[in-house]
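Me: I'd like to learn how to read a model like this one. Could you walk me through it?

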Amino acid sequence: MSDTPAKSEGGLAYSDNISIAWRKIDHELDQKHLAMVNASNEEFLRAVSVIGDAGGQKDQQEASSGVVAQEVARLDLKVNLLLDLVGTLIYHQLDIPDTSPVRVSAAGVAWKGDVPEPGTTVYLELYIQRGLPKPLCCYGEVVSTAEEHAAGTGKVRFTGLTGAAKSWLEKLIFRHHRREVAFKRSSGE
């Protein structure tokens, strides 16, 4: 997967070591259930976006010399610490799989490790936000070749991901990609 460029056939993508779980689905996906999954994903991705944007807001608050802004920044730090601690406690209580190299785009996901057979429909749980014990849940069709499957690489194209959920996922991917580029620049790569 490291030979795959940041821009994939599904658009912009990012790679990371994250937890991923899957299970084979042997029934037809109905639109009502897909709508519920998409609504949950949209809400989750909005929350992840707010968490991810908090760093930029802190910089703006620190630049402001107002007493209210300083107090809000202090409270924000306390709330973030509390969320991190609670998230860590919950994370260790759940049966979350080990991390593996994963590449995520708005069109699908690819990973190495325990992978489903080509042509199957799967339900995926992607723990895309570190420390957050809630996964992004989605359905997909396994599009790996037999050779990729034999080599332990799985590729899944998302099924039923709506425009709003896909848009929030694209924003998350762009933010991860932007941070990766900034890190490479700062480290001289």
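Here is a short back-and-forth on confidence, layout, the core and a few single residues.

Me: Where should I start, and what is the average pLDDT of the protein?

Reply: Start with trust, since this is a predicted model. Where pLDDT is low, the predicted coordinates should not be read in detail. Here the protein averages a pLDDT of 82, and 84% of the residues score at least 70. Residues 2-8 stay under 50, and the model gives them 11 contacts beyond four places in sequence. The stretch 56-63 is also below 50, with 6 contacts beyond near neighbours in sequence.

Me: OK, I'll go easy on those. How many helices and strands are there, and in what order do the elements run?

Reply: You have 4 helices and 7 strands. Going from the N terminus, read them as β-β-α-α-β-β-β-β-α-β-α. For the contacts with a separation of 6 or more, 74% come from residues 24 or more positions apart.

Me: Now the inside. Which residues touch the most other members of the largest nonpolar core?

Reply: The general idea is that nonpolar side chains tend to be buried together in soluble globular proteins. In this protein, 35% of the 189 residues count as buried. The largest nonpolar core has 24 residues, and Val-109, Leu-124 and Ile-128 touch the most other members. At least two residues each come from β2 (11-25), α1 (31-63), β3 (99-105), β4 (108-112), β5 (121-127), β6 (136-142), β7 (153-159) and α4 (163-186). The top contributor is α4, with 4 residues. Apart from this core lies another of 6 residues, including Leu-34, Val-37, Tyr-123 and Cys-137.

Me: Let me zoom in on Val-109. What does Val-109 touch further off in sequence?

Reply: Leaving out residues up to four places away in sequence, the partners of Val-109 include Ile-20, Leu-124, Leu-126, Val-156 and Phe-158. Arg-103 and Lys-155 are also among the residues that Val-109 touches.

Me: And a polar one: is Ser-100 buried or exposed?

Reply: Ser-100 sits in strand β3. It counts as buried because its relative accessible area is 12%, and the cut-off for buried is under 20%. With residues up to four places away left out, Ser-100 touches Asp-16, Asn-17, Ile-18, Ile-20, Trp-111 and Lys-112.

Me: What about the rings: which residue lies over the face of Trp-168?

Reply: For ring pairs, you describe the distance of the centres and the angle of the planes. The count here comes to 1 aromatic pair. As for Trp-168, Lys-171 lies over its face, at 4.3 Å from the ring centre.

Terms used. Residues numbered from 1 in each chain as written. Predicted model: local features only at pLDDT ≥ 70, side-chain atom pairs only at ≥ 80, totals over all residues. Heavy atoms only, no water. Core = buried A, V, L, I, M, F, W, Y, C linked by side-chain atoms within 4.5 Å. Buried < 20%, exposed > 50% of the residue type's maximum accessible area, 1.4 Å probe, protein only. Contact = heavy atoms within 4.5 Å. Phe/Tyr/Trp six-rings, centres within 6.5 Å; stacked < 30°, edge-to-face > 60°. Lys NZ or Arg CZ within 6 Å of the ring centre and 35° of its normal. pLDDT = per-residue confidence, 0-100.
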